[in-house]
Amino acid sequence: MQFSREESTRNLIRAWEPGRIRIGERWLTGNLIVSAETIVSDWTLRDRGRITVEDLMPALELGPEVVIVGAGLAAVSPDFDLMRELAELAVGLEYMQTQAACRTYNVLVHEGRRVAAALIQQRDSV
């Protein structure tokens with residue numbers, strides 16, 4: 001087993017609460033895109049229920065091999081048309097609840113994968 005010191009230069013998600021995410025020591029609200037090197041904290045969506053390739057362009061510009069969409073607290077169904085469009089660009093796409101997306105993102109960053117997480121942080125009614 002190999003142990004390694006965590007690189008402080010990588011953007012890792014330290015905590016998640018409905019409506020906000022802690023990356024490093026910063027709490028961020030609103031929708032955001034995060035990769036190991038970059039945070040896009042002003043990510044806007046035209047229609048939360050129908051994410052498009054255009055919506056994901058800030059994530060795609062980061063050069064990921066996979067994009068994880070964290071779709072809030074609601075159960076999510078994958079958008080197969082969007083998955084196909086990204087596959088044509090050689091980028092994988094995964095949909096999941098935001099909390100699961102945060103955990104999955106961290107695992108992939110630790111594995112050295114090129115990943116971007118597009119995280120929806122609007123509060124869902126409970």
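The following paragraphs lead through a predicted model of a protein, from its overall make-up to its two sheets, the helices that pack on them and a few individual side chains.

The protein has 126 residues, of which 43% are buried. Its secondary structure comes to three helices and eight strands, and from the N terminus on these elements follow the order β-β-β-β-β-α-β-α-β-α-β. Among the contacts with a separation of 6 or more, 64% link residues that are 24 or more positions apart.

A good place to begin is the sheet made by the strands at the start of the chain. Three strands form this open sheet in the order 1-2-3, and their pairing is antiparallel. Strand 1 (13-17) and strand 3 (26-29) each have a single partner strand, so they stand at the edges and one side of each is left without a neighbour in the sheet. From one strand to the next the twist averages 20°. Strand 2 (residues 20-23) is joined to strand 3 by four bridges, the two strands running antiparallel, and within this pair Arg20 stands opposite Thr29 in strand 3. Helix 3 packs on this sheet, where it touches strand 1 and strand 2, and its direction makes about 175° with that of strand 1.

Two side-chain arrangements can be picked out in this part of the chain. Arg20, the residue opposite Thr29, also lies over the face of Trp27, at 3.8 Å from the ring centre. Arg22 forms a salt bridge with Glu25, in which the closest N and O atoms are 3.3 Å apart. How exposed are the partners, Glu25 and Arg22? Glu25 has a relative accessible area of 68% and is therefore exposed, whereas Arg22, with a relative accessible area of 23%, is partly exposed. As for contacts between rings, a search of the whole structure finds zero aromatic pairs.

The other sheet to consider is an open one of five strands, which lie in the order 5-4-8-6-7 with mixed pairing. Its edge strands are strand 5 (39-40) and strand 7 (92-96), each of which pairs on one side only. Strand 4 (residues 32-35) and strand 5 pair over two bridges in the antiparallel sense, and here Val34 stands opposite Ile39 in strand 5. Helix 3 (residues 98-110) packs on this sheet, touching strand 4, strand 6, strand 7 and strand 8 (115-119), and its direction makes about 155° with that of strand 6. Helix 3 thus touches strands of the three-stranded sheet as well as strands of the five-stranded sheet. Helix 2 (residues 80-88), for its part, lies across strand 6 (66-70) and strand 7, running at about 150° to strand 7.

Two residues give a closer view of the five-stranded sheet. Ser35 is found in strand 4 and, at 4% relative accessibility, counts as buried because the cut-off for that class is under 20%. Leaving aside residues up to four places away in sequence, Ser35 touches Asn11, Leu62, Tyr105 and Val115. Val40, in turn, lies in strand 5, and its relative accessible area of 18% also falls under the 20% cut-off, so Val40 is buried. With residues up to four places away in sequence again set aside, Val40 touches Asn31, Leu32, Ile33 and Pro58. Val40 and Pro58 are 18 residues apart in sequence, and their C-alpha atoms are 7.6 Å apart in space.

The last stop is a group of charged side chains. The count of salt bridges comes to eight, and Arg46 takes part in a salt bridge with Glu54 (3.2 Å, N to O) and in another with Asp55 (3.5 Å, N to O). Through these shared partners Arg46, Glu54 and Asp55 are joined into one network. Which of these residues are buried, and which are exposed? Both Arg46 and Glu54 are exposed, with Arg46 counting as such at 58% relative accessibility, whereas Asp55 has a relative accessible area of 6% and is therefore buried.

Key. Residues are numbered from 1 along each chain as its sequence is written. This is a predicted model: local features need pLDDT of at least 70, side-chain atom pairs count only at pLDDT 80 or more; totals for chains, interfaces and linings use all residues. Side-chain values use heavy atoms; hydrogens and water are left out. Two strands pair if DSSP finds at least two bridges between them. Contact means heavy atoms within 4.5 Å. Axes are lines fitted to C-alpha atoms, for helices over the stretch in contact, and angles run from 0 to 180 degrees between N-to-C directions. A salt bridge is a side-chain nitrogen of Lys or Arg within 4 Å of a carboxyl oxygen of Asp or Glu. Buried means under 20% relative accessible area, exposed over 50%, partly exposed in between (1.4 Å probe, protein chains only). Rings of Phe, Tyr and Trp (its six-membered ring) pair if their centres lie within 6.5 Å; planes under 30 degrees apart count as stacked, over 60 as edge-to-face and the rest as tilted. A charge sits over a ring if NZ of Lys or CZ of Arg is within 6 Å of the ring centre and within 35 degrees of the ring normal.
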